[in-house]
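Hi,

Here is the structure I said I would pass on to you. Have a look at it first, and then read my notes underneath.

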Protein chains: 4
Amino acid sequence: MPQRMFLETVRSEGLAHLSYIVGHAGQAAVIDPRRDSSIYQQIAERHGAAITRIFETHRNEDYVIGSRDLARRTGATIHHGARLDFSYGQSVCEGNTFDIGQLRLGVLETPGHTHESISLTLADATNGPDPVGVFTGDALFIGDVGRTDLLPEGAEHAAGLLYESLHRTLGPLGDGVIVYPAHGAGSVCGMHMAPREFSTLGYERQHNHALQLDRDAFIRHKAGEYHDQPPYFKRMEQYNQFGPPELTDIPHPCPLDPSAFAETMDEGLFVVDLREPEAFAGAFVPGSLCIPLEMLASYGGWFLPYDRPLGLVAESSDQVGQAVRHLLRIGYDDVAGYLSGGLGAWETSGRPFGRVRTLPATELRSRLESGEDFTLLDVRKPNEVAEQRLKGSLHIHLGELPGRLDEIPRDRPVTTLCSSGRRAMIAASILKKHGFEQVENNLGSMQACLAVGCPTET
Amino acid sequence: MPQRMFLETVRSEGLAHLSYIVGHAGQAAVIDPRRDSSIYQQIAERHGAAITRIFETHRNEDYVIGSRDLARRTGATIHHGARLDFSYGQSVCEGNTFDIGQLRLGVLETPGHTHESISLTLADATNGPDPVGVFTGDALFIGDVGRTDLLPEGAEHAAGLLYESLHRTLGPLGDGVIVYPAHGAGSVCGMHMAPREFSTLGYERQHNHALQLDRDAFIRHKAGEYHDQPPYFKRMEQYNQFGPPELTDIPHPCPLDPSAFAETMDEGLFVVDLREPEAFAGAFVPGSLCIPLEMLASYGGWFLPYDRPLGLVAESSDQVGQAVRHLLRIGYDDVAGYLSGGLGAWETSGRPFGRVRTLPATELRSRLESGEDFTLLDVRKPNEVAEQRLKGSLHIHLGELPGRLDEIPRDRPVTTLCSSGRRAMIAASILKKHGFEQVENNLGSMQACLAVGCPTET
Amino acid sequence: MPQRMFLETVRSEGLAHLSYIVGHAGQAAVIDPRRDSSIYQQIAERHGAAITRIFETHRNEDYVIGSRDLARRTGATIHHGARLDFSYGQSVCEGNTFDIGQLRLGVLETPGHTHESISLTLADATNGPDPVGVFTGDALFIGDVGRTDLLPEGAEHAAGLLYESLHRTLGPLGDGVIVYPAHGAGSVCGMHMAPREFSTLGYERQHNHALQLDRDAFIRHKAGEYHDQPPYFKRMEQYNQFGPPELTDIPHPCPLDPSAFAETMDEGLFVVDLREPEAFAGAFVPGSLCIPLEMLASYGGWFLPYDRPLGLVAESSDQVGQAVRHLLRIGYDDVAGYLSGGLGAWETSGRPFGRVRTLPATELRSRLESGEDFTLLDVRKPNEVAEQRLKGSLHIHLGELPGRLDEIPRDRPVTTLCSSGRRAMIAASILKKHGFEQVENNLGSMQACLAVGCPTET
Amino acid sequence: MPQRMFLETVRSEGLAHLSYIVGHAGQAAVIDPRRDSSIYQQIAERHGAAITRIFETHRNEDYVIGSRDLARRTGATIHHGARLDFSYGQSVCEGNTFDIGQLRLGVLETPGHTHESISLTLADATNGPDPVGVFTGDALFIGDVGRTDLLPEGAEHAAGLLYESLHRTLGPLGDGVIVYPAHGAGSVCGMHMAPREFSTLGYERQHNHALQLDRDAFIRHKAGEYHDQPPYFKRMEQYNQFGPPELTDIPHPCPLDPSAFAETMDEGLFVVDLREPEAFAGAFVPGSLCIPLEMLASYGGWFLPYDRPLGLVAESSDQVGQAVRHLLRIGYDDVAGYLSGGLGAWETSGRPFGRVRTLPATELRSRLESGEDFTLLDVRKPNEVAEQRLKGSLHIHLGELPGRLDEIPRDRPVTTLCSSGRRAMIAASILKKHGFEQVENNLGSMQACLAVGCPTET
């Protein structure tokens, strides 16, 4: 019986990052490994394969790529696109092919998201060179295409390049080619991705809205898109071009009892509370920032400093372990400790704790109707606000909030609002951290407000 | 190389239940299996062994024993003590021995906790009959001994029996015998158990406080102990004497969206919120009962009805899965569904949600000092209250709260209090469920109050 | 973030059977579950989903389907094609659809392999009815199509039906549809399957040899194919139409020491040796049948009786556990025991053991050249022999060997031969079991013989 | 609920090495870590703990200790006995204590096996300083005591030291102390260890034969013991005193097809066949050495060169992975490749393969009775041979065989013999490798010979 070809997807939740390992006959290749990369070796070992090649579809801006650590441990060669001057690895060009047993990976240059972006075709060499799959990186997603706001030449130029990549390079591979993208639903790298990880070029050609547009419409559409550019992107780009710090291992931070935790905060510990918004509302360590665990990968890079040790408040040591991974994937390696015993230990120590009042949409509606005097702070993205907003709301994008606090009156209650109430709780914690006293969160936010009929404007 | 004898502990968190599987040479025996019992087969399989015998150290009152399901699936024989008329299995008597490869299990009758309680010595037959370990059931724990409030003849009689079992039956086995008890720290079956699962008769003889007492002092001590007797104990006793309903499999309850969840509540769904107290405080489904997941096994049996379908509010589907196991271990098999999307889905639906105000101990102290008019409701156990209580507090034991609600004034705020604030949140949710409007929870409770110097009385 | 749609493949090695579980939003469906079916529940649980539907693409003939056990444990509904009178489950027809969250499964009737064969399209309902994948059962494989020798109307009729199913029903779904077949490389249900589990209708249209043929050529091709029809097929068909015995659990057979093993053999134990052919050659329990573990699912059904208890000789208890699963998947539930301590225990007990002399191809060539007097027994399938055979060889198909032993002279050495030497070792063990004394195995067999230039004929 | 103290045993099969990790309250200590040490971090992570201390009970001679790699990855401190000049870590002395949460580890100096040997008591500090367990390293095993043939001062001196350690240092800790030794049954570091890993000082005092002897008898007994001293011990001692090469990761060797494998052998690859002796007998790659996988850790260090790349022949890639671990634990880091497709691929390539004739004891008896002319080569240890031997056998200890081949006549058949036939197959492979042509193996060996009544002498 011939040995089975294998292809496995490795997901990094939070980042919604998809990476892949393919192999045959004792060899394996990894595409876009994440930083905590031992998982690829475990999969390879399970298939009796050695990892011999690592491909980077592009210089990622939203996470630290794990190629160098993985290469160091396995002896594999790293390959990436030729149009950027990387400090490590080997450049590959259109048409290069690499054999992994009877599997053949072929390089396609698919610029647009970045200049050096490549896609990799996957062929079963026993049937000749026709690809059966393609790793599309951030060029083509399932349900969307890559963002084009990162090139120095501007979004229109980038969108033009991407259009060509999609229609001249990927499209001609044929409908029957399976698509393996670098991100799934929930990523900051796209907006309309499907919560589904199986698709083909043919299916996308028919159902991906971005592929329905002609060149001009496509460029207009892409140029008009809004995407967050959190400040940590710059660091990721540096890391991924010149090589990130070596990661010898996943550290486990120290347990700190409430007294030690408080002391360490006095010495500069920056504290992130990973619990759910409702739990933060119920009680929190004064001075801490609320970022629920599943939002940590997407929002940590907006607010967390790289030059201060981080402290965690979590519901379990399992959550601590996950947070450490989420953080190192975006380059935060200095997690100094966590609150041992969780918030309960803080509470029983007798230390004061903070609270955020929560407000159902029905109460918000009454308040709006009765014309109460308060600030309704909407922290959604500009494109969300542009679509629809509550009457009388003040808009400051969550990412800009720390720099624009003086726009918010301190003598009146502030009610934070987003789409569901989750980002609004991050905002509420920022306000609390900066001394705002009357802070409320409208849990349910816009979705609830629309459901109960709050007055809106466009 | 001779095949290794194995002994593995299976823990059921929540119940703090310890069960064991021992084996040698292709055979294995299980002591006190839990109801979700496939784990024993997995361990046996890993050691290449078939489970041939199952021992019950006594008719347990705090959980459903899994013997019959496990026996049905493996063909193993069930053995238990002779002094109770079980509807299934075989009775064993002092001195009976059972060989599992070269391991030999021997029966000791150790009444006290119940009449039919047995302990099982574990010997390596290659060295003769001397035991190297003993499974002590609920007779001897690490750091404590079994409770003696369950016999119809009364606690003094039971304590006398237990004293003999400990000193005449177990003690003479010798200091060098390892102790394998049926419960660890956190169980409702004892009070002072160590958070450590390795000990010997010799170590316990020197360090277990209950073994330091002479007969009279021991009986006085045990007769004076307080232990909760939640109403579900009766059902467990019935199940474990006559056989529980067959468990074909671990069910996975249905996801219910907020609309379906609300409808099912109208039709009689009894809703338990498994999230942490702080999260419940932040927002909850009106009408739901707060029992944090890790307290579910200990407190579910006080409050949950056996004749209504249960609905769950959880933070993750993983929590739902755990709760289903916790519940079936105490006989609740009808979990009809869970709130799909969690509380966030409820909030974004626009439905109103409940809140419980949380109160730090510093605020409580100020309020007590200023003589504010409110009810301070202490829901701890009588023995805890007897030791120390806050001045002016009203005491109603948590378990009795649903039946004594009319003792609490409805026209003033009620602040619930326990040792840490966790049980107090269960109490708060009961008050809310029964229409109390001004309900607060003192997170941190007695521990925090003592730390900040609230006025107490004894 | 919307909940992820999931699709996982469950492989049963040996049978090369592929089954699937797909799910979304708390619900899941299983396609063609195997008999040891708890794995589907584990996967569902991991995704927080309940299994609500089970589909059978057809009445399988090569394994026992696990639908009824899985349905009993989960409460799921079973669905299968309408053109056979099943004793259980519900019939479905062309065009029926079933929603699993936002996933939609649709029924296509694709007869040919059997009359009632169905395929199931998989659509993402958020994009409308177009399928993104199709579960093809035994109609279309990756690299081959289903066998057509099972219909009572004959292979030509069946091939005609299958041609229509492939070209009129499946083909029009479009190139961009991912193919999820019921078998992979190594199955007895097809001959040319690729060792690859990812493909599309478009890729198959271009690279699957059977799809290149026109109707007449296709029917000629299929009618000319040879496929084994092991006797156990009949039992599988009975089981799968009327319902197999309930499987309460995976049993673990008893360890038997050499003395007990020998005694049980005297009482009728039928012994299978699961070790590799080389190990069997080195020493074996007299009277045992050699079927290496990985061949057990494919060849067990030829030679093992259903009415005698089976005994196993293995290299590890892990192998025993795997063999038990392989056997129950093809309906052998009575594995009474295994040789404890393996063959080493048999050897050290002093009992005589059998041996098979092994012969490299170079020696066979010399012997053929020198015209030695011996029987060269080729046990390959007729179609293999027809292609090329060694000069002077006697051909008896392995499956027919037990019934044709009298065609083989007992007074001369017999050298068994197949393609690689593996089936030849099964043959050698059959000869040994039936008293042949001079039995050799040509390890490497035809492949080695061709490599070293043994004289052949066509 | 207080956090549970944990204690887990990590076994390395083959070496029968036992190491431990204990922890409490977010901290953990490891005792005698093996070289592939990520498992300790996984366990610590599961318990939410950081590894802060590593203890070495002595400079081990039979395996490479993993302290330095583990310390490098975790930041933990390494501790070992003061009576040897280690190049790394910190020395500890009698009476030093180290707290891990509420667990307290205390140092006892227990020389004898080596000078710097220490034991570590384990106390629950909440109960004061009395130990509940003790990590005894190679001083005391379950059923035996450490070997005393390694000190330069000689076995009598060492035995005297060990006697004092056992009776003056460990004994007084009290019967009720659990024993956690560094090796279990099957180790080269002791002879009579029980196949059981749970015991106490009290149980050992009564049942461990070595503890029954008075000082003089003990010294005589230990001085008279025979233990193998394989040549690799020297390298382990060097590594463990001065630090082994850093292990960045577990490598996965390259698959080599038969042709590449043969070529690499020509270039100096040293080939080890890991399959069972019966399989080696059936067919083997000419020039390879037979060491069954489970014997690799104990016998590899006798025969494998440190300065040549190793090649593996295995039954599965899983076996390859295990062998790589076994080998790196004894310092062999250069495994260059393995035979892809296993021996079957070699056979079908047409390459000649070797065979070893296997001989049941009944045939050997006949041959001995008929006075046939052959060499009966007994490769057991001197102490085994001294007890009982077959009449007319030639004795060469397996470890010395490669250097004493010229004592064996080449013109007659050689039948190898040991206790069971396993070591005898290693011997047979050595003979084959060195050109002996008529080599047989008596599978079952002495055990079988005694069972069937072969003539013996003492």
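Below is what I found, starting with how the chains are arranged and ending with two spots inside chain C.

One thing to keep in mind: this is a predicted model.

**Chain C and chain A**

Let me begin with this pair. Chain C goes onto chain A by a rotation of 180 degrees, with 0.0 Å of shift along the axis and an RMSD of 0.0 Å. If you want to find the axis on screen, go to Gly176(C): of the residues of chain C, its C-alpha comes closest, at 2.1 Å. The two copies use the same surface here, as 100% of the contact residues of chain C recur in chain A.

How many residues does each chain bring to this contact? Chain C gives 32 residues and chain A gives 32 residues. Together they bury about 2800 Å², and carbon and sulfur atoms account for 63% of that area. On the chain C side, look at Pro195(C), Phe198(C) and Tyr203(C): they supply 23% of the area that chain C buries against chain A, more than any other three residues.

There is a polar side to this interface too. The rule finds 4 salt bridges across it. One of the pairs to look at is Glu197(C) with Arg4(A), a salt bridge whose closest N and O atoms are 3.7 Å apart. Between chain C and chain A, 12 residue pairs are in polar contact, counting pairs with both residues at pLDDT 80 or more.

As for which elements are involved, those giving two or more residues to the side of chain C that touches chain A are strands S1 (6–12), S9 (118–124), S10 (131–137) and S11 (178–181), plus helix H4 (201–207), of chain C. H4(C) provides the largest share of that side, with 4 residues. Sorted by class, the side of chain C that touches chain A comes to 16 nonpolar, 9 polar and 7 charged residues.

**Chain B and chain C**

Now the other pair. A rotation of 180 degrees, with 0.0 Å of shift along its axis, superposes chain B on chain C at an RMSD of 0.1 Å. That is the relation of a two-fold axis. In chain B, the C-alpha nearest this axis belongs to Thr248(B), 4.3 Å from it. Of the interface residues of chain B, 100% are also interface residues in chain C, so the copies meet through the same surface.

Each side of this contact has 19 residues, from chain B and from chain C. The area buried between them is about 1400 Å², with 46% of it on carbon and sulfur atoms. Glu45(B), Asp249(B) and His252(B) stand out, supplying 32% of what chain B buries against chain C, more than any other three residues.

Across this interface the rule finds 2 salt bridges. Asp249(C) makes a salt bridge with Arg73(B), where the closest N and O atoms are 3.5 Å apart. There are also 8 residue pairs in polar contact between chain B and chain C, both residues being at pLDDT 80 or more. Helices H1 (38–46), H2 (67–74) and H10 (317–329) of chain B each supply at least two residues of the side that touches chain C. By class, that side of chain B has 7 nonpolar, 8 polar and 4 charged residues.

**Inside chain C**

Two places to click on here. The first is helix H6 (residues 232–242) of chain C, where Tyr232(C), Phe233(C), Met236(C), Glu237(C), Tyr239(C), Asn240(C) and Gln241(C) are buried. What covers the buried residues of H6(C) includes helices H9 (296–303) and H10 (317–329) of chain C. Right after H6(C) comes Gly243(C), which has a positive phi, near 105 degrees.

The second is Val313(C), in strand S15 (residues 310–313) of chain C. Is Val313(C) buried or exposed? Its relative accessibility is 0%, so Val313(C) counts as buried. Leaving out residues up to four places away in sequence, Val313(C) touches Phe261(C), Val271(C), Val272(C), Asp273(C), Leu274(C), Arg275(C), Val285(C), Leu339(C) and Leu343(C). Ile291(C) is 22 residues from Val313(C) in sequence, and their C-alpha atoms are 10 Å apart in space.

Best wishes

Conventions
Residues are numbered from 1 along each chain as its sequence is written. Chains are lettered from A and ligands numbered from 1 in the order in which they are written. This is a predicted model: local features need pLDDT of at least 70, side-chain atom pairs count only at pLDDT 80 or more; totals for chains, interfaces and linings use all residues. Side-chain values use heavy atoms; hydrogens and water are left out. Copies are superposed by least squares on the C-alpha atoms of residues with pLDDT of at least 70 in both. Contact means heavy atoms within 4.5 Å. Buried area is the accessible area (1.4 Å probe) that two parts lose on being put together, summed over both. A salt bridge is a side-chain nitrogen of Lys or Arg within 4 Å of a carboxyl oxygen of Asp or Glu. A polar contact is a pair of N or O atoms within 3.5 Å; within protein, one must be able to donate a hydrogen and the other to accept it, and residues adjacent in sequence count only if both atoms are side-chain atoms. Ala, Val, Leu, Ile, Met, Phe, Trp, Tyr, Cys and Pro count as nonpolar, Asp, Glu, Lys and Arg as charged, and the others, Gly among them, as polar. Buried means under 20% relative accessible area, exposed over 50%, partly exposed in between (1.4 Å probe, protein chains only).
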